[in-house]
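Biologist: Please take me through the labels on this model. I want the reason behind each one.

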Amino acid sequence: MEEKNVYDITIIGGGPAGLFAAFYAGLREMSVKIVEYQQFLGGKVNVYPEKMIWDIGGLTPLPAAKLIDQMVEQAKTFDPEIVLGQKAVAISQEEDKTYVLHTECGAKHYTKTIIAAVGGGILRPTKLEVEGAEKFELTNLHYTVKSLARFKDKVVLISGGGNAAVDWANELEPIAKKVYLTYRKDNLKGHEAEVSKLAESTVDLLLNTEIKSLQAGEDHSHIQKVVLTHKEDGTELELNVDEVIINHGYDRELGFLKNSGLNINLKDDYWVDGAPNSETNIPGIYAAGDILHHEGKLHLIAGAFQDAANAVNEAKVFIQPDANKWGMVSSHNDLFQKKNKELIKHLYKVEA
């Protein structure tokens, strides 16, 4: 007979929303499991490990990699079960109302509630649809930027018009020899401040253009020249480059929701159309982070944290209707008494 270890909450996704949800659920004395497709935690923050993060309340600027370390450490405070390398493919519900999360490898995860925290989708970048592009992926065609130092004194072409492309153009402008940004539309979609910064920089902005072909150098393994074509008049522009970065977004796979048979409300097939308190239209299933859509939604890491807390609070009351609507603040919570004594001793180097 199959053994069923039923958790209070199973969180799909180990990015900022999922990690904070794990911590906050532990704070509310709930049993927690995280199921993450990748072999690592941190979600899309892993795409820009050296980028400085400025916009989280109470935190001075810190590199993204350091933020991941701190989020993971916090998430592990109450020892959640963490499952890596499993892709969620479907959700079903048993007669006793227990949810079952099915993963691609055939595993089943039993849970009373579910928080979908998969961000903008699985971390699989949308590939450049140009003939022969894949052969350059081992040399100078990039879908992520792991190290800024690689691009020092190089001629770099970035393709894309969203936040990632604009941010990397600004980050690389003082480091690279030259930066070009090509985008197929006539207006960038990045944050206003970053777009304004870009406009005042030395980055060459090539709007209404897209990559037509990549040409190799003498070694046949590196891109030496990129041919761009103008979307309106068809004219072509050849650029000699050292590195090419593609920021065309990520695959959004919400198959586990679409295949659930639970008729979860989706917006445009890649957002959960939910409520400000992180509820979906299905009792016991919640959403947090960039996957969640509602009027007033804040697409920042800070917003993901709030979504996570809201989802956990709703899940707590769903499981235990007489529970408090909100969790107790940490400064008053007995769960931290021992940990606080240890921290005070370490910080002030005194006996606590």
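Modeller: What follows sets values against cut-offs, label by label. This is a predicted model: local features need pLDDT of at least 70, side-chain atom pairs count only at pLDDT 80 or more, and totals for chains, interfaces and linings use all residues. Residues are numbered from 1 along each chain as its sequence is written, and side-chain values use heavy atoms, with hydrogens and water left out.

Biologist: Why is the pair of Phe20 and Phe23 called tilted?

Modeller: Rings of Phe, Tyr and Trp (its six-membered ring) pair if their centres lie within 6.5 Å; planes under 30 degrees apart are stacked, over 60 edge-to-face, the rest tilted. By this rule the count comes to six aromatic pairs. Phe20 and Phe23 lie 5.8 Å centre to centre with 40° between the planes, so the pair is tilted.

Biologist: Why does Phe20 count as buried or exposed?

Modeller: Buried means under 20% relative accessible area, exposed over 50%, partly exposed in between (1.4 Å probe, protein chains only). Phe20 has 16% relative accessibility, so Phe20 counts as buried. Phe23, at 11%, is buried too.

Biologist: What makes Lys51 sit over the ring of Tyr48?

Modeller: The rule wants NZ of Lys or CZ of Arg within 6 Å of the ring centre and within 35 degrees of the ring normal. The charged end of Lys51 is 5.2 Å from the centre of the Tyr48 ring. Lys178 lies over the face of Tyr180, at 5.8 Å.

Biologist: How do you know that the span of helix 2 agrees with its 12 residues?

Modeller: Helices (H or I, at least four residues) are DSSP runs, as are strands (E, at least two), numbered from the N terminus. The expected span is 1.5 Å times one less than the number of residues. For helix 2 (residues 64-75) that gives 16 Å, and its end C-alpha atoms are 16 Å apart, so the two agree.

Biologist: Why is the contact of Asp307 with Lys297 called a salt bridge?

Modeller: A salt bridge needs a side-chain nitrogen of Lys or Arg within 4 Å of a carboxyl oxygen of Asp or Glu. The closest N and O atoms of Asp307 and Lys297 are 2.1 Å apart, so the pair qualifies. Asp307 lies in helix 6 and Lys297 in the loop between strand 20 (292-293) and helix 6, so the bridge ties together parts 10 residues apart in sequence. Asp307 is buried at 4%, and Lys297 is buried at 13%.
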